[in-house]
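Please look over the ligand site and the enclosed spaces of this protein. A short report is set out below.

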Amino acid sequence: MAKQKSVFFCKECGAESAKWLGQCPACKAWDSMVEEPVAPKSKAVKGAAQAGPGLLQKARPERLSQIETHTDTRIVTGIEEFDRVLGGGIVDSSLVLVGGDPGIGKSTLLLQVCKVLVGMKLDVLYISGEESVRQIKMRADRLGRFDGELELLSETSLDNVEEIVIEKRPKVVVVDSIQTMYRDDIAASPGSVSQVRETTGALLRLAKGYGVTIFIVGHVTKEGVVAGPRVLEHMVDTVLYFEGDNSSDYRVLRAVKNRFGSTNEVGVFEMRGNGLREVRNPSEYMLAGTPVGEPGSVITATIEGTRPIMLEIQALVCQTALNIPRRTAVGIDTNRVNLLLAVLEKKLGLKLSFCDAYVNVAGGMKVNEPALDVAIVMAMLSSYSNKPLGEKTICFGEVGLTGEIRGVSQAEQRVTEAKQLGYETVILPKVNIRSAKECGVKLIGVGHISELMRLF
Ligand code: TYD
Ligand code: MG
């Protein structure tokens with residue numbers, strides 16, 4: 001029998017198969033198998049063996065009580081929004097993946113972090129496989145003067161990268177992006193599952209073996225996962241996603257995996273002409289330009305990480321000219337909007353099946369929290385009946401399929417944030433009234449969506 005020359009990998013999860021399959025047996029994704037040449041194992045393993053002294057020595061068991069930990073192993077950059085997402089600063093010898101759509105600002109963010117680090121007189125190496133050093137310099141010029149020397153390298157060969165990192169031993173390395181890096185001994189092209197997996201593995205060994213903190217940039221695919229498999233996410237210590245809408249300047253840095261901190265923290269930035277600026281008070285930023293007294297516009301409070309953020313939900317409900325009405329949602333899940341429309345139709349008897357519905361989270365933010373349901377319903381009712389919701393009023397709560405309004409978490413924080421921004425009335429689930437009583441604003445408790453119509 002002829003020797004097998006290629007294998008199939010799942011683009012989504014990295015599962016391997018000897019033959020092509022329509023559906024990945026591991027993650028059940030359809031049409032995700034791609035053919036790649038087989039990596040000569042002996043060479044890859046040899047490369048690994050050369051890579052790091054710490055990791056590949058023969059390990060011996062150690063006693064838990066005798067393992068030393070250092071408390072001060074974090075570098076605090078002073079970019080608060082960035083430090084918070086990492087759990088309080090950059091952890092020594094960690095491998096951090098920063099994923100996001102192309103053009104969202106990953107390179108800019110990391111170059112800004114490098115700027116702070118060289119200002120602290122740390123050795124930092126910025127490796128780009130996408131841009132020439134001249135291009136990086138041009139970007140750096142937009143960010144202002146660097147107080148210290150940043151070393152730049154335009155390189156795509158990982159063998160060379162390894163050599164330079166081992167020789168120079170910088171404190172922090174940025175690899176932009178992992179999809180451009182390749183190892184010679186693997187026949188597959190850069191960005192393929194086997195290349196991404198191998199190069200990330202080599203960077204992991206460098207980070208742990210030589211005490212270098214490495215940031216890897218990864219572009220995401222249409223489906224929103226880091227191109228090249230999720231395998232990558234398992235390998236690194238921390239996975240951050242940089243999100244935002246290309247049409248808006250608002251950017252959210254979110255931790256989806258963090259071995260050294262909580263994953264429900266977010267950092268908020270705004271893209272400016274001279275780099276990213278931290279947004280310390282996202283609510284004010286999100287509510288700038290909100291119309292007053294307009295039907296279809298409703299303010300709500302969501303929780304991002306541990307912080308409440310006020311948002312404007314806009315809805316437009318109008319008679320349809322089509323056989324099947326259009327339902328479009330931006331920033332929230334369209335299925336949720338469809339579900340809420342169905343509940344309204346059934347429980348309030350509204351003729352919504354003859355209406356188009358468009359719902360939008362103003363400001364370009366994406367939210368996925370059931371606590372927004374009441375605000376979406378209120379915005380749609382407001383647009384449908386052409387009546388605005390009272391000024392200085394916000395609402396939140398989850399809507400169930402029988403039309404009941406269910407309690408949400410952190411009601412008190414939401415109400416407090418509303419009060420701080422000058423809101424006077426809060427419509428909230430009845431069960432949450434007790435916890436938010438002390439906040440000093442007028443509270444209107446609701447238990448069923450049939451009570452909402454009366455509030456206009
Ligand atoms: P970039 O960091 O190159 O994105 P990524 O690395 O995620 O692909 O960001 C590119 C965008 O950011 C580009 O459209 C230009 C814009 N930008 C600014 O608005 N201000 C700036 O100071 C910089 C450096 C970039
Ligand atoms: Mg880039």
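The sections below take the ligand first and the cavities after it.

## Basis

This is a predicted model.

## Ligand 1: the shell

The shell around ligand 1 holds 15 residues. Those that come nearest are Gly103, Ser107, Thr108, Arg272 and Gly275. By class, 7 shell residues are polar, 5 are charged and 3 are nonpolar.

## Ligand 1: polar contacts and cover

Oxygen atoms of ligand 1 pair with both backbone and side-chain atoms. On the backbone side, an N or O atom of Lys106 lies 2.8 Å from a ligand oxygen. In the side chain of Thr108, an N or O atom is 2.6 Å from an oxygen of ligand 1. For the side chain of Arg139, the corresponding distance to a ligand oxygen is 2.9 Å.

Taken on its own, ligand 1 has 560 Å² of accessible area, and the protein covers 76% of that. Three elements give two or more residues to the shell: helix H4 (106-119), helix H5 (133-142) and strand S13 (266-272). H4 makes the largest contribution, with 3 residues.

## Cavities: the count

How many cavities of 30 Å³ or more are there? The count comes to 2. The largest has a volume of about 50 Å³, and the second largest has about 30 Å³.

## The largest cavity

The lining is made up of Glu243, Gly244, Tyr250, Val252, Arg254, Gly364, Met365 and Lys366. Strand S11 (238-244) and strand S12 (250-258) each supply at least two of the lining residues. S12 has the largest share, 3 residues.

Which domains contribute at least three residues each to this lining? They are domain 2 (73-280) and domain 3 (285-455). The lining is mixed in class: 3 residues are nonpolar, 3 are charged and 2 are polar.

## The second largest cavity

Leu86, Gly89, Ile90, Val91, Ser94, Val96, Thr238, Asn258 and Phe260 line the second largest cavity. By class, 5 of these residues are nonpolar and 4 are polar. No charged residue is part of this lining, whereas the lining of the largest cavity includes 3 charged residues.

## In brief

For ligand 1, the points to check are the contacts of Lys106, Thr108 and Arg139. For the largest cavity, look where domain 2 and domain 3 both supply lining residues. For the second largest cavity, look at a lining of nonpolar and polar residues.

How values were computed. Residues are numbered from 1 along each chain as its sequence is written. Chains are lettered from A and ligands numbered from 1 in the order in which they are written. This is a predicted model: local features need pLDDT of at least 70, side-chain atom pairs count only at pLDDT 80 or more; totals for chains, interfaces and linings use all residues. Side-chain values use heavy atoms; hydrogens and water are left out. A residue is near a molecule or strand if one of its heavy atoms lies within 4 Å of it. A polar contact is a pair of N or O atoms within 3.5 Å; within protein, one must be able to donate a hydrogen and the other to accept it, and residues adjacent in sequence count only if both atoms are side-chain atoms. Accessible areas come from the Shrake-Rupley method with a 1.4 Å probe; for residues, only the protein chains shown count as cover. Helices (H or I, at least four residues) and strands (E, at least two) are DSSP runs, numbered from the N terminus. Ala, Val, Leu, Ile, Met, Phe, Trp, Tyr, Cys and Pro count as nonpolar, Asp, Glu, Lys and Arg as charged, and the others, Gly among them, as polar. On a 1 Å grid over the protein atoms alone, a cavity is a set of points where a 1.4 Å probe fits but cannot get out, and a pocket is an open set with protein on both sides within 12 Å along at least five of seven lines; lining residues have an atom within 4 Å of a point. Grid points are joined across faces, edges and corners, and a volume is the space filled by probe spheres set on the points. Domain bounds come from an automatic or database domain assignment.
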